[in-house]
Amino acid sequence: MPKKVDHQERRTLIADALMRVAADQGLEAVSLRHVAAEAGVSAGMVQHYFRTKDEMMAFALSVVRERSQIRVTEAIAGLGVDPPPRLLLRTMIAALLPLDEGTRDDGRVALAFLAYTAVRPAAAPSLREGTRQFAGFIAGILPDGHGAAAAAGLLALMEGLGVYLLGGQYTAEQALDALDAHLDLLFG
């Protein structure tokens, strides 16, 4: 009887290897060969699941998003029913920031993917849609008088804080203080 193969599990194994390569060496080091070696599989197996580097990158980003969504969902669950909008936003953004070792690798991959899409716009559609949805959600819970521009500013702040955290320019405490100061401006 042939062995049953869990294709999603193998795709995730390969995506995890891609993320380790990207986190350790940068996206420029990501290749079918490097990812296969990191995953402990053949290059042919990687090509079986991902025909191109862009496909591999898109799947890895979806894994990062899934992990981020789980962190956000768990953090929000700790707030109880109907949390105040400011607390909800702070909790969501804090859960998305690379504040500790556990979230830094995902943050490095997300940042690398942002840079990758800057030079490969064809790889960015899912990223644009996710950003549009998140900005719309934020705009919907900001106090009256704040809208799309304020939501875009809050997203830009989050991304900037992520870059500074990953680069070591800010500590987790400094990043959260900056986030709190900005939220105080928005919520009064």
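The span of residues 31-50 is 75% helix and 0% strand, and its end C-alpha atoms lie 11 Å apart. UniProt, in an unreviewed entry, places the feature "DNA-binding region" at these residues. A second annotation from the unreviewed entry, "domain: HTH tetR-type", covers residues 8-68. Feature names are shortened, positions follow the numbering used here, and annotations may be inferred rather than shown by experiment. The two spans are set out below.

| Residues | Distance between end C-alpha atoms | Helix | Strand |
|---|---|---|---|
| 31-50 | 11 Å | 75% | 0% |
| 8-68 | 19 Å | 80% | 0% |

The model is predicted: local features need pLDDT of at least 70 and side-chain atom pairs count only at pLDDT 80 or more, while totals for chains, interfaces and linings use all residues. Residues are numbered from 1 along each chain as its sequence is written, and side-chain values use heavy atoms, with hydrogens and water left out.

The protein has nine helices and zero strands. Helices (H or I, at least four residues) and strands (E, at least two) are DSSP runs, numbered from the N terminus. The C-alpha trace spans about 65 × 40 × 30 Å along its principal axes.

Two packed helices are described by the angle between their axes and the distance between the axes. For helix 1 (residues 7-25) and helix 4, the angle is about 90° and the axes are 9 Å apart. Axes are lines fitted to C-alpha atoms, for helices over the stretch in contact, and angles run from 0 to 180 degrees between N-to-C directions. Helix 1 and helix 4 are therefore roughly perpendicular (65 to 115 degrees). Among the residues in contact (heavy atoms within 4.5 Å) are Ile14 and Leu18 of helix 1, and Phe59 and Val63 of helix 4. By class, this contact has ten nonpolar, two polar and three charged residues. Ala, Val, Leu, Ile, Met, Phe, Trp, Tyr, Cys and Pro count as nonpolar, Asp, Glu, Lys and Arg as charged, and the others, Gly among them, as polar.

The largest pocket has a volume of about 890 Å³. A pocket is an open set of points on a 1 Å grid over the protein atoms alone, where a 1.4 Å probe fits, with protein on both sides within 12 Å along at least five of seven lines; lining residues have an atom within 4 Å of a point. The volume is the space filled by probe spheres set on the points. Of the 30 lining residues, Arg65, Leu96, Phe134, Met158 and Glu159 are the closest to the centre of the largest pocket. Helix 4 supplies the largest share of the lining, eight residues. The lining has 18 nonpolar, eight polar and four charged residues.

Definitions and conventions:
Angles under 35 degrees count as roughly parallel, over 145 as roughly antiparallel, 65 to 115 as roughly perpendicular and the rest as oblique.
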